[in-house]
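Subject: Structure handover and notes

Dear colleague,

I am passing on the structure below, together with my notes on it. Please read the notes with the model open beside them.

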Amino acid sequence: MNELFTRISVRKYTDQPVESEKIDYILRAAMQAPSAGDQQPWEFYVVTDPETIAGLAASSPYAGCTAKAGTVIVPCYRTEGIFFPEYAQIDLSIACENLWLAAVSQGLGTVMLGIAPHEDRMQKVEKILNLPANLKPFAIFPVGYPAEARPQKNRCDQSRIHYV
Ligand SMILES: Cc1cc2nc3c(=O)[nH]c(=O)nc-3n(C[C@H](O)[C@H](O)[C@H](O)COP(=O)(O)O)c2cc1C
């Protein structure tokens, strides 16, 4: 799984549009994630409307790079009709890692921009996307062809491994 060791946060994108087949692939990968009790609490908003993208870019002090992407994915989670709501954000985290790695596998660049659990950011995104009351935004993923490249930082630290 090469993508595990090449994935980086990409915050600059070329103007080349992302093919809808690639977005489909990424979302399929995200939805193959495991979840508590297989509850699959996710919903994915795919945003290409420039005004909405500008709003999302301003929804968090650290989401500015969203403005430069032609496609933005906003993974959300349902708060009703799921078995284990306390696991919903954990389920979304796992789906988001699948999404990110799948984007890399398609030659795309993206970065996870934290929205949940910050209530102020969540409320802004809820308003921008006009989400129903039972749906909470989890993160923002601007997606595009990368206009930056660098090797991944080596984080392997043998001292963090404890054999008992
Ligand atoms: C839960 C989470 C929230 C993050 N939120 C932001 C964010 O709001 N803005 C941003 O620019 N990067 C954000 N990042 C990206 C991290 O800063 C980045 O993954 C980290 O510095 C490691 O760098 P790398 O992804 O290039 O390996 C977030 C990453 C995670 C996992």
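Val72 stands opposite Pro142 in strand 6 (residues 139-144), where helices (H or I, at least four residues) and strands (E, at least two) are DSSP runs numbered from the N terminus. This is a predicted model, in which local features need pLDDT of at least 70 and side-chain atom pairs count only at pLDDT 80 or more, whereas totals for chains, interfaces and linings use all residues. Residues are numbered from 1 along each chain as its sequence is written.

The pairing of strand 2 (residues 71-78) with strand 6 is antiparallel and runs over 3 bridges, two strands being counted as paired if DSSP finds at least two bridges between them. Within this pairing, Ile73 has Phe141 of strand 6 as its bridge partner. Strand 2 is also joined by 6 bridges to strand 1 (residues 42-47), again in the antiparallel sense, and there Val72 is the bridge partner of Val47. A further 3 bridges connect strand 2 with strand 5 (residues 135-137), also antiparallel, with Tyr77 opposite Lys136. Of the 8 residues of strand 2, 7 are buried, so the strand is largely enclosed by the rest of the structure; a residue is buried if 20 or more other C-beta atoms, placed from the backbone, lie within 10 Å of its own, exposed if 12 or fewer, and partly exposed in between.

Strand 6 has 6 of its 6 residues buried, and is therefore largely enclosed by the rest of the structure. In a regular strand the side chains alternate between the two faces of the sheet. In strand 6, Ala139, Phe141 and Val143 point one way, while Ile140, Pro142 and Gly144 point the other. Strand 3 (residues 109-110) is joined to strand 6 by 2 antiparallel bridges, with Thr110 and Val143 as bridge partners, and strand 4 (113-114) is likewise joined to strand 6 by 2 antiparallel bridges, with Leu113 partnered by Ile140.

Turning to helix 5 (residues 119-129), Arg121, Val125 and Ile128 are buried. Seen down the helix axis, these buried residues fall within an arc of 60°, so they line one face of the helix, the arc being that of the directions from the axis to the C-beta atoms. They pack against helix 3 (50-57), strand 2 and strand 5, while Glu119, Asp120 and Lys127 are exposed on the other side of helix 5. Asn130, which follows the helix, has a positive phi near 55°. In the loop between strand 4 and helix 5 lies His118, which counts as partly exposed because it has 14 C-beta neighbours inside 10 Å.

The ligand is surrounded by residues that include Ile8, Arg11, Tyr62, Met112, Leu113 and Lys153, a residue being near a molecule if its C-beta atom, placed from the backbone, lies within 6 Å of it. By class, the shell has 6 nonpolar, 4 polar and 2 charged residues, with Ala, Val, Leu, Ile, Met, Phe, Trp, Tyr, Cys and Pro counted as nonpolar, Asp, Glu, Lys and Arg as charged, and the others, Gly among them, as polar.

As for the chain as a whole, there are 5 helices and 6 strands, in the order α-α-β-α-β-α-β-β-α-β-β along the sequence. Of the 164 residues, 31% count as buried.

Best regards

Terms used. Contact = placed C-beta atoms within 7 Å.
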